[in-house]
Amino acid sequence: MLNDPIADMLTRIRNAQKALHKDVHFPASRMTESIAAILKDHGFVSDVAREERNIRVVLKYLSSKGAISGSRRLSKPGLRIYVGAKEIPAVQNGLGIAILSTPKGVLEGRAARSENVGGELLCEVW
């Protein structure tokens, strides 16, 4: 059992991109599935598919470099970070996205700001 499935997911994606793998698998949960769907919607990965107990993410490359140049887990199991709608950070001056867990579900930072909801700041991807 994993203590932090979100950090595990981000680490698996980062390692698979450095090794130039075509796709990566990690254990499925509603949270990781929502985060993977946001990554797909914003063009960081090519495809996301649920396979029984796993999620398969097809990685995206731009001229043999991964589309995700960096990611960081912000709120950790030992230290949760909550932000209001007006406190949602801009990631890499707008080049990246912040992913939040809000009362309206898992949302990207701009969507949460437009719906005027805050929540737990899960991670940043750029």
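In this predicted model, S101 sits across from V106, a residue of strand 9. That pairing is a handy place to begin, since it takes us straight into strand 8 and its partners. Strand 9 covers residues 105-108, and four bridges tie it to strand 8. The two strands run antiparallel, and together they make a hairpin with two residues between them.

Strand 8 has another partner too. It pairs with strand 10, residues 119-125, again in the antiparallel sense, this time over five bridges. To spot one of these pairings, look for I97: its bridge partner in strand 10 is V125. How much of strand 8 is covered? Five of its six residues, which run from 97 to 102, are buried, so "mostly covered" is a fair way to put it.

Now let's move to helix 1, which spans residues 5-18. Here's a little check you can follow along with. Helix 1 has 14 residues, and at 1.5 Å a residue they should span 20 Å. The C-alpha atoms at its ends are in fact 20 Å apart, so the expected and modelled spans agree.

Which residues of helix 1 are buried? They are I6, D8, M9, L10, I13, A16 and Q17. Two of these deserve a closer look. D8 comes in at 19% relative accessibility, and since buried means under 20%, D8 makes the list. Once you set aside its neighbours within four places in sequence, D8 is in contact with L2 and P27.

Q17, also in helix 1, has a relative accessibility of 7%, so it counts as buried as well. What does Q17 touch? Not counting residues up to four places away in sequence, its contacts are L59, K60, Y61, G66, A67 and I68.

Q17 leads us nicely to the largest pocket. Q17 is one of the residues that lie nearest the centre of that pocket, along with R14, K18, I68 and S69. The lining has 13 residues, and the pocket holds about 250 Å³ of space. How do you find a space like this? Roll a probe the size of a water molecule over the atoms, and you see where empty space is left.

Who builds the walls? Helix 1 gives the most to the lining, with five residues. Strand 5, residues 65-66, joins helix 1 as an element that supplies at least two. By type, the lining residues divide into six polar, four nonpolar and three charged.

Our last stop is a pair of residues with an unusual backbone angle. Most residues other than glycine have a negative phi. L20, which follows helix 1, goes the other way: its phi is positive, near 60°. You'll find L20 in the loop that runs from helix 1 to strand 1, residues 23-27. Is L20 buried or exposed? Its relative accessible area is 53%, and because exposed means over 50%, L20 is exposed.

S63 has a positive phi as well, about 50°, although it is not a glycine. S63 belongs to the loop between strand 4, residues 61-62, and strand 5. With a relative accessibility of 67%, S63 also counts as exposed. Strand 5, at the end of that loop, is the one we met in the lining of the largest pocket.

Technical notes: Residues are numbered from 1 along each chain as its sequence is written. This is a predicted model: local features need pLDDT of at least 70, side-chain atom pairs count only at pLDDT 80 or more; totals for chains, interfaces and linings use all residues. Side-chain values use heavy atoms; hydrogens and water are left out. Buried means under 20% relative accessible area, exposed over 50%, partly exposed in between (1.4 Å probe, protein chains only). Contact means heavy atoms within 4.5 Å. On a 1 Å grid over the protein atoms alone, a cavity is a set of points where a 1.4 Å probe fits but cannot get out, and a pocket is an open set with protein on both sides within 12 Å along at least five of seven lines; lining residues have an atom within 4 Å of a point. Grid points are joined across faces, edges and corners, and a volume is the space filled by probe spheres set on the points. Ala, Val, Leu, Ile, Met, Phe, Trp, Tyr, Cys and Pro count as nonpolar, Asp, Glu, Lys and Arg as charged, and the others, Gly among them, as polar. Two strands pair if DSSP finds at least two bridges between them. The expected span of a helix is 1.5 Å times one less than its number of residues.
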